[in-house]
Amino acid sequence: RDLEVNLYRKVATLNGHELRLTARELDLLILFITNRGKVFTRRQLLETIWDPEFEGDDRTVDVHIRRLREKIERNTSEPEYIMTKWGVGYYLKG
């Protein structure tokens, strides 16, 4: 596809253009790519990407997913990459 991540360099590109991702956005993207098709709950994402002891609102995941989608999706209303499994969590379409 048009989205590529160089795990060695920790750089993501879309259509050959480097994306300006935050560290958390890149970590989320790498987790999804290395676990393509696996659905992660918000809690699993918080424990993996943030910290197992994270005590903030689990909706912070939604905010980061939304921002990541804004950077990689052509149309955030109809995502091609990061999908929502309603009532469960998020996954990378694969």
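Here are some questions and answers about how the strands, helices and core of this predicted model fit together.

User: Happy to start with the sheet. What is the order of the strands in the open sheet of 3 strands?

Analyst: Let's build it from the pairings. β1 and β2 run antiparallel and are joined by 4 bridges, while 2 bridges join β2 to β3, again antiparallel. β1 and β3 are the edge strands, each pairing on one side only. That gives the order β1-β2-β3.

User: Which residue is the bridge partner of Glu4 in β2?

Analyst: A good way in is the neighbouring pair, where Leu3 has Leu14 as its bridge partner in β2. On the β3 side, Glu18 stands opposite the residue you are after. The partner of Glu4 is Thr13.

User: Are the residues Val11, Ala12, Thr13 and Leu14 of β2 buried or exposed?

Analyst: In a regular strand, side chains alternate between the two faces of the sheet. Here Val11 and Thr13 point one way, with Ala12 and Leu14 pointing the other way. Whichever way they point, all of these residues are buried.

User: Which residue in the turn of the β2 and β3 hairpin has a positive phi?

Analyst: There are two hairpins to look at. The hairpin of β1 and β2 has 4 residues between the strands, and Lys10 takes a positive phi near 55 degrees there. The hairpin of β2 and β3 has 2 residues between its strands, and the turn residue with a positive phi of about 55 degrees is Asn15.

User: What angle does the direction of α1 make with that of β1?

Analyst: Helix α1 covers residues 23–34. This helix packs on the sheet and touches both β1 and β2. Its direction makes an angle with that of β1 of about 100 degrees.

User: Now the core. Which element supplies the largest share of the largest nonpolar core?

Analyst: Nonpolar side chains tend to be buried together in soluble globular proteins. The core here has 25 residues, and among those touching the most other members are Leu28, Leu29 and Phe32. β1, β2, α1, α2, α3 and β5 each supply at least two of its residues. The largest share, 6 residues, comes from α1.

User: Why does Ile72 count as buried?

Analyst: Ile72 lies in helix α3, which spans residues 60–72. Beyond its sequence neighbours within four places, Ile72 is in contact with Leu3, Leu14, Leu19, Leu29, Tyr81 and Ile82. The cut-off for buried is under 20% relative accessible area. Ile72 counts as buried because its relative accessibility is 2%.

User: How far apart in space are Ile72 and His17, C-alpha to C-alpha?

Analyst: Along the chain, 55 residues separate Ile72 from His17. In space, their C-alpha to C-alpha separation is 11 Å.

User: Why are α2 and α3 described as roughly perpendicular?

Analyst: Two packed helices are described by the angle and the distance between their axes. The axes of α2 and α3 come within 9 Å. Angles of 65 to 115 degrees count as roughly perpendicular. The two helices are therefore roughly perpendicular, with a crossing angle of roughly 80 degrees.

User: How many nonpolar residues does the contact of α2 with α3 have?

Analyst: In this contact, Arg42, Leu45, Leu46 and Trp50 from α2 meet Thr60, Val61, Asp62 and His64 from α3. By class, 2 are polar and 2 are charged, and the nonpolar count is 4.

User: What is the relative accessibility of His64?

Analyst: His64 is a residue of helix α3. Setting aside neighbours within four places in sequence, His64 is in contact with Arg24, Glu25, Leu28 and Trp50. His64 counts as buried, with a relative accessibility of 14%.

Methods. Residues are numbered from 1 along each chain as its sequence is written. This is a predicted model: local features need pLDDT of at least 70, side-chain atom pairs count only at pLDDT 80 or more; totals for chains, interfaces and linings use all residues. Side-chain values use heavy atoms; hydrogens and water are left out. Buried means under 20% relative accessible area, exposed over 50%, partly exposed in between (1.4 Å probe, protein chains only). Contact means heavy atoms within 4.5 Å. A nonpolar core is a set of buried Ala, Val, Leu, Ile, Met, Phe, Trp, Tyr and Cys residues joined through side-chain atoms within 4.5 Å. Axes are lines fitted to C-alpha atoms, for helices over the stretch in contact, and angles run from 0 to 180 degrees between N-to-C directions. Angles under 35 degrees count as roughly parallel, over 145 as roughly antiparallel, 65 to 115 as roughly perpendicular and the rest as oblique. Ala, Val, Leu, Ile, Met, Phe, Trp, Tyr, Cys and Pro count as nonpolar, Asp, Glu, Lys and Arg as charged, and the others, Gly among them, as polar. Two strands pair if DSSP finds at least two bridges between them.
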